[in-house]
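Trainee: Could you take me through one part of this structure slowly, as if I had never looked at packed helices before? I would also like to see how that part sits beside the rest of the chain.

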Amino acid sequence: MMKILATGDWHLGNCFHGFDRMEEHAHYLDWLLDCVQREEADVLLIAGDVFDSSNPSAAAQELYYSFLNRLNERFPALQTVIIAGNHDSAARLEAPREMLERHRVYVRGIVRRLPEGEVDWDNLLVPVTGGKEAQERAWVVAVPYLRDGDFVRGMSYAEGVSDFLNRALQEAGRKKRPDEAVLLMAHLYATGAEIAEGSSERVVIGGAERVDMSRMECEVGAVVLGHLHRRQKLGNRSNWFYPGSALPMSFTERTYRHGAVSLTFSGGELAGEPCFHEYTLLHPLRSLPEKPALLPEVIEVLSKLPDAGEEGVEAHMPYLEVNVLLDAPVQGINKQIEEALDGKGVRLCRTAIFYRTQLENETGEMLESVDDLLTKNPLEVIRKSYLNRHKCEMREELVVLANRAIEAARKEDEE
């Protein structure tokens, strides 16, 4: 049997509302090392967005390479396959490729081409082995985040990526033996996947980046995807999934569960259901009060928080978002919040100000944060406005027109 552990979306080097998260990422990677040992994994898959930026800090890179070094020292037989995500610099991630492969670490960031211009499909196919005497064998189709120049010209992004995946899987199908599995690992936004409104994942207006995975024509033993931070499976396929991010990247993601997913293959077939291994956050996210409240009520809630000096509090201070409800703007709110939290065992990230707004339909009162309004997807604002006014969803042709108007406004603003 071959055991595979899947993770992704680490975002090393991320700062959360001004707080350095290096300690948290180190804590997660320590946990992951132990998880590899507990599961006796043969293969570790990392589905992109290793770093939070294409130009990561020296400290973030040191953490990454230190992890790979410790991984190799503790598990010299382990094979690790890594793809670049949209946050990564593909060239930077691949730069030490030759050296890393000596330690059974296989990085795929760039779509390489043969001299005649055709994609080098063999470069994307990584053979892995496992089980007793490495008798079990599989092929990992390692597809990094694709950009417009990586697929056939004239196709939309979604069509181009879907075509690319099919062709890569066809090549794997030609190579594999009947008793060998094929696993696809890619970094993309799959149609049907769930994403929290206001989440930090970058999604193009109108869903132009959404890839229809149902168009895949080749048999595949499992699909491991990066890009969306919510751990989830696609449709009713338990073996097609996002393992989720290492840490929550915004307060809208505070209810997400984090960790890694393991799979077992035997004779080229998936043995049982994928298993989720949950990681406990070093610094969880809290949003208080859960529903926006008037300032006096908020101050009372904050006064009941534990002090920083209490036992066990200092090491696990949560990130805090404070929700305040107002009827009209009030000066000095941030100062009052900071004074109420003085000496408390929390990390204040932001104060979210909400105002009461009355809708014209029968939905009653709706609360909108000023920050939320500023960061909302313009298309979603238009959709909600249309629904409130006409009591029905926008037709597809109207959505297309709205997208064109949004893009035109963006281009004009850039000029």
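Mentor: Gladly; here is a walk from the whole chain to one pair of helices, and then on to some other places worth a look.

Please keep in mind that this is a predicted model. The chain contains 10 helices and 21 strands. Of its 415 residues, 50% are buried. If you take the contacts between residues at least 6 apart in sequence, 70% of them join residues at least 24 apart. The accessible surface of the chain is about 20,500 Å², and carbon and sulfur atoms account for 48% of that surface.

Now for the close look. Two packed helices are described by the angle between their axes and the distance between the axes. Let us use both values on helix α6, which covers residues 295-303, and its partner α7. Their axes are 9 Å apart, and the angle between them is about 25°. Angles under 35 degrees count as roughly parallel, and α6 and α7 are therefore roughly parallel to each other. The crossing of α6 with α7 is right-handed. Which residues make the contact? From α6 come Leu295, Val298, Ile299 and Leu302, while α7 brings Gln336, Ile337 and Ala340.

Stay with α7 for a moment and find Glu338. This residue belongs to helix α7, which spans residues 333-340. Is Glu338 buried, partly exposed or exposed? Its relative accessible area is 49%. Buried means under 20% and exposed means over 50%, so Glu338 is partly exposed. You can also use Glu338 to look back across to α6. Ile299, one of the α6 residues in the contact, is 39 residues from Glu338 along the chain, yet the C-alpha atoms of these two residues are separated by 10.0 Å.

With that pair in mind, try the same reading on another one. Helix α1 is made of residues 22-39 and helix α2 of residues 58-74. Here the packing angle is about 15°, and the axes are 11 Å apart. That angle makes α1 roughly parallel to α2. Their crossing is right-handed. On the α1 side, the residues that meet α2 include Met22, His25, Leu29, Leu33 and Val36. Among those on the α2 side are Ala59, Leu63, Phe67 and Leu71.

Helices are one part of the story, and loops deserve a visit too. Gly109 lies in the loop between β6 (105-108) and β7 (125-130). Its relative accessibility is 6%, so Gly109 counts as buried. What does Gly109 touch, leaving aside residues up to four places away in sequence? The answer is Ala84, Ala90, Glu94 and Pro144. You can also compare positions along the chain and in space: Ala142 is 33 residues from Gly109, and their C-alpha atoms are separated by 9.0 Å.

Next, look at the backbone in a few spots. His11 has a phi near 55°, which is a positive value in a residue other than glycine. His11 sits in the loop between β1 (2-7) and β2 (15-16). With a relative accessibility of 1%, His11 counts as buried. His17 is not a glycine either, and its phi is positive at about 50°. You will find His17 in the loop between β2 and β3 (19-20). His17 is partly exposed, with a relative accessible area of 40%. For another backbone feature, go to Leu288 and Pro289, which are joined by a cis peptide bond with an omega of about -20°. Pro289 is part of strand β18, which runs over residues 285-293.

Last, a word on cysteines. How many disulfides does a search of the whole structure find? The search finds 0. Cys15 has a relative accessible area of 48% and is partly exposed, whereas Cys349 is at 14% and counts as buried.

If you go back to the screen now, start with α6 and α7 again and trace the contact from Leu295 to Ala340. Then turn to α1 and α2 and ask yourself what angle and what axis distance describe them: about 15° and 11 Å.

Methods:
Residues numbered from 1 in each chain as written. Predicted model: local features only at pLDDT ≥ 70, side-chain atom pairs only at ≥ 80, totals over all residues. Heavy atoms only, no water. Disulfide = S-S within 2.5 Å. Buried < 20%, exposed > 50% of the residue type's maximum accessible area, 1.4 Å probe, protein only. Helix = DSSP H or I, 4+ residues; strand = E, 2+ residues; numbered from the N terminus. Contact = heavy atoms within 4.5 Å. Areas by Shrake-Rupley, 256 points an atom, 1.4 Å probe, with all protein chains shown as cover. Axes fitted to C-alpha atoms, helices over the stretch in contact; angles between N-to-C directions. Parallel < 35°, antiparallel > 145°, perpendicular 65-115°, else oblique. Left-handed = near helix turned anticlockwise from the far one by under 90°.
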